[in-house]
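Me: Hi! I have a structure open here and would like to talk it through with you. Could you take a look?

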Amino acid sequence: STIIPTEDKYTVMNVLGGIDENGIKSTINYQPESSVYSGFILDDENDILNISDTNIINAGASTRGSAINSLGTVTLTNVTLNSNNVSGTTDVNTISSSSGNAYGGGIALEGTAGDIECDIFQYNISHTIGTTNTGTARGGAIYSNGTMTSIKGNFTENRAISDGSSAEGGALVSIGTLASITSEFSGNYASGYGASKGGAMYLTE
């Protein structure tokens, strides 16, 4: 089945997908034009988002969190972030910015995350474009400036790329609190014109 999310503001949003008889999860197919905030948006610190048994595809944004950008509370269970596209590129789950920072190719969090459980975070990209762009690329798959209880899931070939400045955390950046992580990392990298920090993870606490 296919779930099409809306951009309406909400207090509690439960996206309860399912698994059919062939073992296929429900799909969120979201194809916005390039914009600052796309995909799931939580504008209020009291908002709550719960997603389970769902694939998220075709999400995109120009600055933050192409699939999820949250100031509230997020819990993911059995979710896949894969095959998302923005700005006409062939890369997936891309945050492309030509005039500023690019944070969280898949997810950007400023609030509290419960358990973030994904099958795989794959080919997610944060990319600040252009040699004159002094913005920083942070967290190919996840950028968090809040509190995360736990992360489970494999990170494969995620990227943080900056053409004109620094890049941090090919897969994950946490400048808040991360209690635990149970993951395998493969082929993730950070590549900056200036400093490159944390091919897989960049943690400040």
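**A chat about the model**

Reply: Happy to! Arginine 138 is a good place to start: the residue is buried, with a relative accessible area of 17%. Keep in mind that this is a predicted model.

Me: Which side chain does arginine 138 meet in a salt bridge?

Reply: That would be glutamate 168, with an N to O distance of 2.6 Å. The pair links distant parts of the chain, as the two residues are 30 residues apart. Arginine 138 belongs to strand β13 (residues 137-138), and glutamate 168 belongs to strand β17 (residues 167-168).

Me: And is glutamate 168 buried or exposed?

Reply: Glutamate 168 counts as buried, because its relative accessibility is 6% and the cut-off for buried is under 20%.

Me: How many salt bridges does the structure hold?

Reply: Just one.

Me: Changing topic: how many helices and strands does the protein chain have?

Reply: There are 23 strands and zero helices. As for contacts with a separation of 6 or more, 80% of them are between residues 24 or more positions apart.

Me: What share of the residues is buried?

Reply: Buried residues make up 53% of the 205 in the protein chain. The chain exposes about 8,500 Å², and carbon and sulfur atoms supply 45% of that area.

Me: Where is alanine 102?

Reply: You'll find alanine 102 in strand β9 (residues 102-103). Alanine 102 is buried, at 0% relative accessible area. Its C-alpha atom lies 8.8 Å from that of serine 162, although the two are 60 residues apart along the chain.

Technical notes. Residues are numbered from 1 along each chain as its sequence is written. This is a predicted model: local features need pLDDT of at least 70, side-chain atom pairs count only at pLDDT 80 or more; totals for chains, interfaces and linings use all residues. Side-chain values use heavy atoms; hydrogens and water are left out. Helices (H or I, at least four residues) and strands (E, at least two) are DSSP runs, numbered from the N terminus. Buried means under 20% relative accessible area, exposed over 50%, partly exposed in between (1.4 Å probe, protein chains only). Contact means heavy atoms within 4.5 Å. Accessible areas come from the Shrake-Rupley method with a 1.4 Å probe; for residues, only the protein chains shown count as cover. A salt bridge is a side-chain nitrogen of Lys or Arg within 4 Å of a carboxyl oxygen of Asp or Glu.
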